[in-house]
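Student: Please examine one part of this model closely, and explain how that part is connected to what surrounds it.

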Amino acid sequence: MIFVTVGSQKFPFDRLIRQVDRMAEDRTITGEVVVQTGHSGYVPRFCRGRAFYDREEFGALLERCDILITHGGAGTMVEAAKRGKRIVAVPRLARYAEHVDDHQLELTGRFHALKLVYACPETEGLAEALRWVRGHRPAPFCSNTEAFLASLDGFLNSL
């Protein structure tokens with residue numbers, strides 16, 4: 001199953017949902033596709049979904065999916081990476097009025113460099129991104145929380 005999530009921002013992300021729906025219609029994507037559409041105006045016709053799922057439903061969909069297609073939100077990418085999911089990250093871009101700036105572009109690029117996601121800034125590259133993630137295992141997620149805490153502890157002790 002492919003799970004698509006666009007997060008909870010008050011901006012639409014029709015560009016991503018339309019492309020996934022087109023790909024389901026023309027059978028570029030086969031199998032079950034579940035879409036969380038958020039505040040988008042476009043309603044998919046060839047995928048199952050709704051605006052929001054509660055925390056439990058979202059977690060169950062994330063656990064069950066083979067591939068996650070997500071916006072460039074850090075929380076969603078980290079949660080999926082911790083679960084070892086194959087992830088295609090499509091950042092919301094300011095030029096399409098999907099966000100106020102392009103921080104998701106930078107964030108997905110960094111996650112891509114760590115081999116945790118396949119960054120796909122333009123939806124036209126989604127078919128290629130899906131082919132790639134199907135053939136590759138993501139790098140294991142490694143939190144730097146302990147290193148950060150050690151660094152903070154060292155700094156505080158130096159005061």
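Tutor: The following account takes an aromatic cluster as its starting point and then follows the sheet, the cores and one helix. The model is predicted, so local features need pLDDT of at least 70 and side-chain atom pairs count only at pLDDT 80 or more, while totals for chains, interfaces and linings use all residues. Residues are numbered from 1 along each chain as its sequence is written, and side-chain values use heavy atoms, with hydrogens and water left out.

A search of the whole structure finds three aromatic pairs; rings of Phe, Tyr and Trp (its six-membered ring) pair if their centres lie within 6.5 Å, and planes under 30 degrees apart count as stacked, over 60 as edge-to-face and the rest as tilted. The rings of Phe-3 and Tyr-53 have centres 6.3 Å apart and planes at 75 degrees, so this pair is edge-to-face. Because Phe-3 lies in strand E1 and Tyr-53 in the loop between E3 and helix H2 (55–64), the pair ties together parts that are 50 residues apart in sequence. Helices (H or I, at least four residues) and strands (E, at least two) are DSSP runs, numbered from the N terminus. The rings of Phe-3 and Phe-58 are also edge-to-face, because their centres are 5.3 Å apart and their planes stand at 65 degrees. Phe-58 belongs to helix H2, 55 residues from Phe-3 in strand E1. Ring pairs thus link Phe-3, Tyr-53 and Phe-58 into a cluster.

Burial is judged by relative accessible area: under 20% is buried, over 50% exposed, and partly exposed in between (1.4 Å probe, protein chains only). Phe-3, at 0%, is buried, and Tyr-53, at 14%, is buried, whereas Phe-58, at 21%, counts as partly exposed.

Phe-3 is also part of the sheet, where its bridge partner in E2 is Val-34. Four bridges join E1 (residues 2–5) to E2, and the two strands run parallel; strands pair if DSSP finds at least two bridges between them. Between E1 and E2 the chain passes through helix H1 (residues 14–25), a right-handed β-α-β crossover; with the strands pointing away from the viewer, such a path runs clockwise from the first strand over the helix to the second. Both faces of E2 (residues 33–36) are covered, with Val-33 and Val-35 buried on one side and Val-34 and Gln-36 on the other. Three bridges join E2 to the parallel strand E3 (residues 48–50), where Arg-50 is the bridge partner of Gln-36.

A nonpolar core is a set of buried Ala, Val, Leu, Ile, Met, Phe, Trp, Tyr and Cys residues joined through side-chain atoms within 4.5 Å. The largest has 24 residues, and those with the most contacts inside it are Leu-16, Val-20, Ile-69, Val-88 and Leu-126. E1, H1, E2, strand E4 (67–70) and H5 each give two or more residues to this core, and H1 contributes the largest share, five residues. Apart from it lies another core, of 16 residues, among them Met-1, Tyr-53, Ala-89 and Val-117.

Helix H4 (residues 103–113) has Gln-104, Thr-108 and Phe-111 buried. Seen down the axis, the buried residues of H4 fall within an arc of 60 degrees, so they line one face of the helix; the arc is that of the directions from the helix axis to the C-beta atoms. On the other side of H4, Arg-110 and Ala-113 are exposed.
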